[in-house]
Amino acid sequence: MTSERDAHALATTDFDLDLSEDQLRTRRNVKWSQYPADVLPAFVAEMDFAVAPPIQAALERVLRQQDYGYPKRDTERPEYTISESFAARMQRLYGWTIAAEEVQPLADLVQAKFAAITAFSDPGDGVIVQVPAYSPFFDAVETPGRVLKAMRMVDDGTGYVPDLDALRRLAPEASILTICNPHNPTGRAFTKDELLAMAQVAIEHDLVIVSDEIHSDLTYEPFKHIPIASLSPEIAARTVTINSPTKSFNIPGLRAAVMHFGTMALKERFFARVPRKLLGQVGVFGIEAANAAWREGTPWLLAVKAALADRRARVVAALAGEPGLKLYAPEATYMAWLDCSGLRLNVPAQQFFVEEAKVGFSGGSAFDPDAGSTFVRVNFATSAEILDRILDRTLTATRKLTTAGHES
Ligand SMILES: Cc1ncc(COP(=O)(O)O)c(C=O)c1O
């Protein structure tokens, strides 16, 4: 039998992941079209890697056969195959036993977040969000008239940690605790103790937990992902876990995601409030891609994780000790949350890097409207060659400032 280490070694040599800048610029995606051609993009959460061969093969079969009718797979409802793939994968990866019936496929995760918040709270209720946050989370609370309660991720000098005192303070005013694990944008993979502490508050105050685990595959050794609902049946009974193959397999345009309800009672409570037909159905390409990813995608994923570990090391080596910048190595995700407050810029950091470095990072204000303008989120999921150019440009721009500062 091949050990995980052997599989890893095989995987890293078996895939040609890198795409050239020319190839990338011919794509019609957000990442490579938002900025003018002299800017290197490092913002939206997409990777610049060739897709997993089993996904490509599954999509090509649909194209070849023009198989665009109402789908039917095996003898089951077609979307249900995604539920089964997800349940089998959770068992395999985390020893977490769930029933496929508890899983609801839908088109995208942000929709899942909106739907869960709408179902498990009423207008005027508080919804706790870890801030900084992936920006659609703010909309998911505010658009349906719920009240945002910010639990900050605090820099404790070793990394960003959830402010549990704030959580305890906010919990009596809330009906939902949302978490993002691993956390975008700080890259934290929460420990068992952190998750248990957050879950304990949810239990004490009868909060529903909505846990976005879309980045769960992308952890770095020695960090591990722990699905919060896997920690105990009592936690599962109040938890909706949302996940998707689209982030780790880099297929966000194909639209496929799942919501897992920790009990059938929780699922029924959800559907008592949200009409089934308001959840977008997964299309044929999404079904094929999700199943190929979750059933056959592991060798490719291991290769991507090895590439990302290399890119993460480059980012840390280049930026971590640099005057004016502060960075903790992410434990998961292909993002680095870069604190540029030491540069004392008089424009938002994102604007500075676009103008002075010709690099397009995500602006921190999108994740933290109050305190994020001095931060950028660096997406390092690209070839070593492109990443090195991004890092060179970044350092050239910051050193102009820090050197000028020293001289004056
Ligand atoms: C934490 C998190 N949730 C959800 C999404 C997007 O999910 P979807 O495209 O399925 O709406 C992202 C994309 O970056 C994300 O980082």
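Biologist: What makes D388 and R314 a salt bridge in this predicted model?

Modeller: Their side chains meet with N and O 2.8 Å apart. A salt bridge needs a side-chain nitrogen of Lys or Arg within 4 Å of a carboxyl oxygen of Asp or Glu, so the pair qualifies. D388 sits in helix α15 and R314 in helix α13, so the bridge ties together parts that are 74 residues apart in sequence.

Biologist: Okay, and why is R238 called buried?

Modeller: Its relative accessible area is 16%, and buried means under 20%, so R238 fits. Its salt-bridge partner is D206, with the closest N and O atoms 3.1 Å apart.

Biologist: Is D206 buried or exposed, then?

Modeller: Exposed! D206 has a relative accessible area of 58%, and the cut-off for exposed is over 50%, so that's the word for it.

Biologist: What makes K326 "partly exposed"?

Modeller: K326 comes out at 33%. Buried is under 20% and exposed is over 50%, so a value in between gets the middle label. K326 pairs with D155 in a salt bridge, 2.7 Å from N to O. K326 lies in a loop and D155 in strand β4, so this pair joins parts 171 residues apart in sequence.

Biologist: Now the ligand. How do you know that R255 makes a polar contact with it?

Modeller: An N or O atom in the R255 side chain is 2.6 Å from a ligand oxygen. The limit for a polar contact is 3.5 Å, so R255 passes. As for cover, the protein buries 94% of the 400 Å² that the ligand exposes when taken alone.

Conventions: Residues are numbered from 1 along each chain as its sequence is written. This is a predicted model: local features need pLDDT of at least 70, side-chain atom pairs count only at pLDDT 80 or more; totals for chains, interfaces and linings use all residues. Side-chain values use heavy atoms; hydrogens and water are left out. A polar contact is a pair of N or O atoms within 3.5 Å; within protein, one must be able to donate a hydrogen and the other to accept it, and residues adjacent in sequence count only if both atoms are side-chain atoms. Accessible areas come from the Shrake-Rupley method with a 1.4 Å probe; for residues, only the protein chains shown count as cover. Helices (H or I, at least four residues) and strands (E, at least two) are DSSP runs, numbered from the N terminus. Buried means under 20% relative accessible area, exposed over 50%, partly exposed in between (1.4 Å probe, protein chains only).
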